[in-house]
Amino acid sequence: MAQTDTKRFFENLTGAGKAIAVLTSGGDAQGMNAAVRAVVRMGIYVGAKVYFVHEGYQGMVDGGDNIKEATWESVSSMLQMGGTVIGSARCKDFRSHEGRLKAAHNLVQRGITNLCVIGGDGSLTGANLFREEWSGLLSELVEQGLIDEEASQKYSALHIVGMVGSIDNDFCGTDMTIGTDSALHRIIEVVDAIMTTAQSHQRTFVLEVMGRHCGYLALVSALACGADWVLIPEMPPEDGWEEKMCEKLSAKRAGMKRLNIIIVAEGAIDRNNQPITSDHVKNLVVQRLGFDTRVTILGHVQRGGTPSAFDRILASRMGVEAVLALLETTANTPACVVSLCGNQSVRLPLMECVQMTQQVQKAMDEKRFEEAVQLRGRSFENNLRTYKLLAHRKPESELPHSNFNVAVLNVGAPAAGMNAAVRSAVRVGISEGHKMFAVSDGFEGFYKGQIKEIKWADVGGWTGQGGSLLGTKRTLPAKHVDKIAEQMRKNNINALLVIGGFEAFLGIMELLSARGTYEELCVPMVMVPATVSNNVPGSDLSIGADTALNAITDTCDRIKQSASGTKRRVFIIETMGGYCGYLASVGGLAAGADAAYIFEESFDIRDLQSNVEHLTEKMKTSIQRGLVLRNENSNENYTTDFIYQLYSEEGRGVFDCRKNVLGHMQQGGAPSPFDRNFGTKIAAKAMQWITKKLNESYRKGRVFANTEDSACLLGMRRRAMVFQPVVQLKDETDFIHRIPKEQWWLKLRPLMKILAKYKTSYDVSDSGQLEHVVLNRPKESEAMAAI
């Protein structure tokens, strides 16, 4: 949509004269505050009145001070807080007709006819019932003389938009619910800590995680930490599972592994729908194997703590989308939920999602477990399939024998999650019958012959390791193609999996261009993007970028807190990324920045001056702390020091300034749950593609692949994982600045500006349109569902 059209469309969505109420209901989830903040600020931005409803539906029934008008300032400093600051409560009164009548009266008194409900399926079902009863409730209020006929006509329709806030990720229709990623962070932090003590004492740990009716947290945390066994309600273990589990644990110990991890969802059941408790599992291990075994029940730790970067961004995007959906509703529009499919916002009919969610439970109750897994969606199915593939090794006699040799290497700078990708590739490759080879130190190690076979057990425990255990270098292959071809011939390498950043992309292209000279390079090659900069063409996301975003967000939180209680202060933060502004922009959205300077959006001294004035005005009236992010290569003249000095001088008397260069802390640390799972699943998919291509290109006793589609990049594009020939990505790439020519996240920048109180045009051309829930939506993402 052209910019002029976008502006005209956006102006048509004015909220003038409208009143929106936002409430959180049911169990709390990290990220709810970010959603509330986005609804309030977007609502005010479009000219609507926005109200808080404190204590969920109870506050709506009780009325009075529980329903208060929100201001821009009232949501300041909410972004980084866990839980929900407007309170949440389970409300019996709202379940009764009399309670809903009181709630309707309280809303009509304030002219509220737009409700944004953040909660689980119970809360959203209640909201839909309220909407359906609305006209009848108003008629009763007229009959009782509590409102007049004019008010009944004026407020005749109630509009509902829902956002799913639930750490269990148990709502069908969305890849991720608000709070799930943060809960996974809490679980993985505990698992990583437990692994160190378990290893010291050769212990077995049984971890119980939340999920009374949904095994998502248990399954994905098992995938993220490489757990030995997982028990979930959707797919109970086969009869005789106790013996199989003990055999596997015993085999691991015999293989010199010093610890075992078993993860149990609190709602885990057997095939007869009888509960499997963590204590039962512990007793099994102790009685049958005699292993020193401990139980850790994580409980409400999973609900607590600050929201992750992912949850803040998800909640902010969903909050803005919810306001847009409310502005577009008519009397005939069904209540909808705003949700995430792949990397894209979608709107789905609320009751279709609720009904499918209820079907899952019904299928489990009736022991139709395969169907229950299907109903959970492709992402859940893919997680389960990948876990089984990586955790349970088939006996040698059951493995196919392909006689193919596949090499895997890391290229470019290290990125958290690379090791999880290598582990996944190695184990999937072995399961497919290939012999896997690890190349140390990228293309440099390749031409030097640093190549050795890597076995299933060699990659045990790799998922939680940061950096690159294989070693990685930025060296490109062009100058050493002859030696690389020689090594491929010597080791009979039939396919290549390259995990890395922009250098990996360039390296694959250089090998591709040398195929005419060296037949050894005529083999299937696939690249998996892994770089904190997220600057690889052909993919919306790269392994490592989420971990870097969390490092930026956590640091910004601490930096802002350091000024708490002192005088007004602005922090200038420099992020990594080369010429790509992803970390600065998306990190700015997650941290609540006032501005983010990037190369892709050029700026001059007038823009800097305008930003200083804007921040000065805000400092005088409301906020105490300001945050400005700058991408390291955003402008060669307007350096971090220059911007720091400019803000210091121009803000004199109003605020003082500090600067921080985050540097390589963005590259270090243990990978986030998202990066572990994204790396695991994308590498598994890449290996399956390699197997397919090897079988297609095997002729007359050898592999020969020289077509464009035999050298691909596997990337996430909007809703789908796509294999794209690297040759076709040339035209999409700015090789001078090492960035894609078009980048999806630039559309999030106006969102950051709106939430920072700037007047700007917001491109609604990419906002969600109402769709229908279908079982296994075509091309549903298997990556964002990574967590």
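**A buried helix, an open sheet and an aromatic cluster**

In this predicted model, the buried residues of helix H20 are Tyr582, Leu583, Ala584, Ser585, Val586, Gly587, Gly588, Leu589, Ala590 and Ala591. That makes 10 of the 10 residues of H20, so the helix is largely enclosed by the rest of the structure. As for what does the covering, the buried residues of H20 lie under a set of elements that includes helix H11 (309-328), helix H19 (545-562) and helix H24 (749-755), along with strands S18, S19 and S20. Just after H20 comes Gly592, with a positive phi near 75 degrees.

The strands that help cover H20 belong to a sheet. Here 4 strands make up an open sheet, running in the order S19-S20-S18-S21, with parallel pairing. At its edges sit strand S19 (595-597) and strand S21 (656-661), each of which pairs on one side only. Direction ignored, neighbouring strands of this sheet are turned against each other by 20 degrees on average. Strands of a sheet pair through backbone hydrogen bonds, in either a parallel or an antiparallel way. Between S19 and strand S20 (residues 625-631), which run parallel, there are 3 bridges. Tyr597 has Arg630 in S20 standing opposite.

Two helices can be followed onto this sheet. Helix H20 (residues 582-591) packs on the sheet and touches strand S18 (569-575), S19 and S20, its direction making about 165 degrees with that of S20. Helix H21 (residues 605-621) packs on the sheet too, touching S18, S19 and S20, and here the direction makes about 160 degrees with that of S20.

Turning to the aromatic side chains, the count of aromatic pairs comes to 16. Take Phe94 and Phe130: their ring centres are 5.2 Å apart and their planes meet at 70 degrees, and since planes over 60 degrees apart count as edge-to-face, so does this pair. The pair ties together distant parts of the chain, with Phe94 in the loop between strand S3 (67-69) and helix H4 (97-109), and Phe130 in helix H5 (residues 121-143), 36 residues apart. Phe94 and Phe130 are both buried. They also belong to a wider group, as Tyr57, Phe94, Phe130 and Trp134 form one aromatic cluster.

A ring features in a charge contact as well. The charged end of Arg253 sits over the ring of Phe291, at 4.3 Å from the ring centre.

Terms used:
Residues numbered from 1 in each chain as written. Predicted model: local features only at pLDDT ≥ 70, side-chain atom pairs only at ≥ 80, totals over all residues. Heavy atoms only, no water. Phe/Tyr/Trp six-rings, centres within 6.5 Å; stacked < 30°, edge-to-face > 60°. Buried < 20%, exposed > 50% of the residue type's maximum accessible area, 1.4 Å probe, protein only. Lys NZ or Arg CZ within 6 Å of the ring centre and 35° of its normal. Pairing = 2+ DSSP bridges. Axes fitted to C-alpha atoms, helices over the stretch in contact; angles between N-to-C directions. Contact = heavy atoms within 4.5 Å.
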